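Here are some notes to read beside the structure, written for someone meeting it for the first time. Please keep the 3D view open and find each element as it comes up.

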Amino acid sequence: MWRSVRTGLIITILGRSRINCVDGRADTFNGNYAVGHMKKRTGGGQRAGNIVLRHNVRVDNDKEEAPRYRRGMMETVAVVIPTLNEARAIGKVIDQIPVDELLNAGLTTTAYVVDGCSTDNTIDIARQKGAHIIIEERRGKGAAIRTAFRGIDADYVVMVDGDDTYPVDVVPRMVRLLQTHDVVVGSRLKGRIEPGAMTRMNIVGNRLLTLLARLLFSVKVSDVCTGLWGFRRDAIRRLELTARGFELEADLFAESVLKGCSITEIPITYRARHDRPKLVSLRDGLKIGAFLFKKYLHQPRGRTAASRAKNSDGVHK
Ligand SMILES: Nc1nc2c(ncn2[C@@H]2O[C@H](COP(=O)(O)OP(=O)(O)O)[C@@H](O)[C@H]2O)c(=O)[nH]1
Ligand SMILES: [Mg+2]
């Protein structure tokens, strides 16, 4: 996303994903079980060796107020968090997931941290907090999320940045909206941007990209570059994502529209991050714009006005 137009470097290294299961089974990271483990990492870094998918210790199976669980009908929520050196923030993000509130609503929640080979102790912290760890050695947020989405099987999937800039406490609300919509977008531009969270240039860039997305796809959206998205299981299965880097959100938006998903938005508060973003302002902004054009030009013909109207019903206050 254009989002924070600041310094940093995004290096896209093309190559194969390292996320193979050693036992050859499908790379599914389902529910609370470790169904496989990651292939030994060959690259550098401090974590050479097998990374085993961990149990989510945060689900209390004995809770009286979760009758649907006892009947084996508990629905599942996966909170997917891409990280690259987010040691300062990742613990807070995981802690803020309202697991108990979701449990009371009959939902079991699992946090998945999709790490791009952090060189700080992001992974150790995430593991201590009970998250499943997925390693995606290829660079780019898009590559990480595509790998995670392919492998995760949950009724509802929420994607949120690992830098503690998004309000994770809105997840139950998002899940409620996902009862009637395929996709829920957390809109910063319809919500509140805390002082220092986005430069004026970032805000202009985000607005321009959002305008472009609206014009190209004829769908009401107020913040196409946001890092907070929620999907129903069937919607996520429909998306054919190709983005490698920060064009991911443009891809999520365009694919949701092209696959006929109903989209709604909630206003959210965007906080300042603790350190520098990895996104480079102008270059990533241009890439995102170009990506939107590419998706527009390659869309299948014959999208009707009715299907466009179905796509979005505006912001839920
Ligand atoms: N796995 C993975 N995560 C990344 C990569 N680059 C950025 N991220 C994560 O993606 C999220 C968004 O990145 P950020 O730098 O905050 O971008 P911004 O919010 O657009 O300014 C953060 O949680 C990053 O740690 C990457 O190459 N691999
Ligand atoms: Mg960020």
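**Notes on strands, a helix and a loop**

1. A good place to begin is Val184, which stands opposite Thr264 in strand β9. This pair belongs to a longer arrangement, for β7 (residues 183–193) and β9 (residues 263–270) run parallel and are joined by seven bridges. Please bear in mind throughout that this is a predicted model.

2. Strand β7 also has a partner in β8 (residues 229–232), and here the pairing is antiparallel, with three bridges between the two strands. To find this pairing in the view, look for Val185, whose bridge partner in β8 is Trp229.

3. Turning to another part of the chain, strand β2 (residues 75–83) has eight of its nine residues buried, and it is therefore largely enclosed by the rest of the structure. Which strands pair with β2? One of them is β3 (residues 107–115), which runs parallel to β2 and is joined to it by nine bridges, and within this pairing Val80 stands opposite Tyr112. The other is β6 (residues 156–159), also parallel to β2 and joined to it by four bridges, where Val77 has Tyr156 as its bridge partner.

4. Helix α5 (residues 141–151) deserves a similar look, because 10 of its 11 residues are buried, so that this helix is largely enclosed by the rest of the structure. The buried residues of α5 include Ala143, Ala144, Ile145 and Phe149, but Lys141 and Arg146 are also among them, and a careful reader may wish to locate each of these in the view.

5. Is Glu240 buried or exposed? This residue lies in the loop between α8 (233–238) and α9 (248–258), and it counts as exposed because it has 9 C-beta neighbours inside 10 Å, where the cut-off for an exposed residue is 12 or fewer. Although Glu240 and Glu255 are 15 residues apart along the chain, their C-alpha atoms are separated by 6.7 Å.

6. Finally, it helps to step back and consider the protein as a whole, whose secondary structure comes to 11 helices and 10 strands. Of its 317 residues, 49% count as buried. Among contacts between residues at least 6 apart in sequence, 77% join residues that are at least 24 apart.

How values were computed:
Residues numbered from 1 in each chain as written. Chains lettered and ligands numbered in written order. Predicted model: local features only at pLDDT ≥ 70, side-chain atom pairs only at ≥ 80, totals over all residues. Buried ≥ 20, exposed ≤ 12 C-beta atoms within 10 Å, placed from the backbone. Pairing = 2+ DSSP bridges. Contact = placed C-beta atoms within 7 Å.
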